[in-house]
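Open the structure in your viewer and keep the selection panel at hand. We will go from stop to stop, with something to pick at each one.

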Amino acid sequence: MTKILVTGAGGPAGRALSALLAQRGIALVVTDSRCLDSPGVPFFQVPLAREAAFLPAIRQIAAAQQVDWIIPT
């Protein structure tokens with residue numbers, strides 16, 4: 001089964017994409033710089049995308065969660 005990591009899951013595009021993928025039964029992992037309530041979906045709070053620590057955090061999450069695709073929003 002494909003697993004997708006959606007960044008910026010708290011913004012309008014991230015919310016819409018996450019809902020669409022979930023409706024299609026795709027396994028999700030979501031991240032955002034703000035704390036989110038994401039029942040049934042693994043959520044990780046990460047630094048802002050403009051911060052140097054953002055990419056290392058995303059890489060670590062993707063590896064640990066065995067993500068197939070990363071979709072930035």
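**A guided tour**

Start by selecting Asp-37, which is exposed at 72% relative accessibility; here exposed means over 50% relative accessible area, buried under 20%, and partly exposed in between, with a 1.4 Å probe and protein chains only. Asp-37 sits in the loop that joins β2 (27–32) to β3 (43–45). Draw a distance from its C-alpha atom to that of Leu-5, 32 residues away along the chain, and you should read 16 Å.

Before going on, a word on what you are looking at: this is a predicted model, in which local features need pLDDT of at least 70 and side-chain atom pairs count only at pLDDT 80 or more, while totals for chains, interfaces and linings use all residues. Residues are numbered from 1 along each chain as its sequence is written, and side-chain values use heavy atoms, with hydrogens and water left out.

**Zoom out**

Switch to a cartoon view and follow the chain from its start: the pattern reads β-α-β-β-α-β. That gives 2 helices and 4 strands, where helices (H or I, at least four residues) and strands (E, at least two) are DSSP runs numbered from the N terminus. The radius of gyration is 11 Å, close to the 11 Å of the globule rule for 73 residues, so the protein is as compact as a globular protein of that length. The radius is taken over C-alpha atoms, and the rule is 2.2 Å times the number of residues to the power 0.38. If you draw a box along the principal axes, the C-alpha atoms fill roughly 35 × 25 × 20 Å.

Now turn on the surface. Its accessible area is about 4,600 Å², with 59% belonging to carbon and sulfur atoms; such areas come from the Shrake-Rupley method with a 1.4 Å probe, and for residues only the protein chains shown count as cover. Of the 73 residues, 36% count as buried.

**Into the core**

Which residues make up the largest nonpolar core? Select Leu-5, Val-29, Val-46, Phe-54, Ala-57, Ile-58, Ile-61, Ala-62 and Val-67, 9 residues in all. Helix α2 (residues 54–64) gives the most to this core, with 5 residues. A nonpolar core here is a set of buried Ala, Val, Leu, Ile, Met, Phe, Trp, Tyr and Cys residues joined through side-chain atoms within 4.5 Å. In soluble globular proteins, nonpolar side chains tend to be buried together.

Stay on Phe-54 and show what surrounds it. Beyond its neighbours within four places in sequence, Phe-54 is in contact (heavy atoms within 4.5 Å) with Thr-7, Val-46, Pro-47, Leu-48 and Ala-49. Then colour a second, separate core of 8 residues, which includes Ile-4, Ala-9, Leu-21 and Phe-43.

Next, pick Leu-28 in strand β2. Is Leu-28 buried or exposed? At 9% relative accessibility, Leu-28 is buried. Not counting residues up to four places away in sequence, Leu-28 touches Ile-4, Val-6, Ser-18, Leu-21, Ala-22, Val-41 and Pro-42. Its C-alpha atom is 8.5 Å from that of Val-67, 39 residues apart along the chain.

**Back to the loops and ends**

Select Gly-25, in the loop between α1 (12–23) and β2. Gly-25 is partly exposed at 48% relative accessibility, and its C-alpha atom lies 9.8 Å from that of Thr-2.

Move to Pro-12, which belongs to helix α1 and is exposed at 63% relative accessibility. Add Thr-73 to the selection: 61 residues separate the pair along the chain, yet their C-alpha atoms are 8.8 Å apart.

Finish at Gln-66, in the loop between α2 and β4 (69–71). Check its backbone: phi is positive, about 55°, although Gln-66 is not a glycine. Gln-66 is also exposed, with a relative accessible area of 65%.
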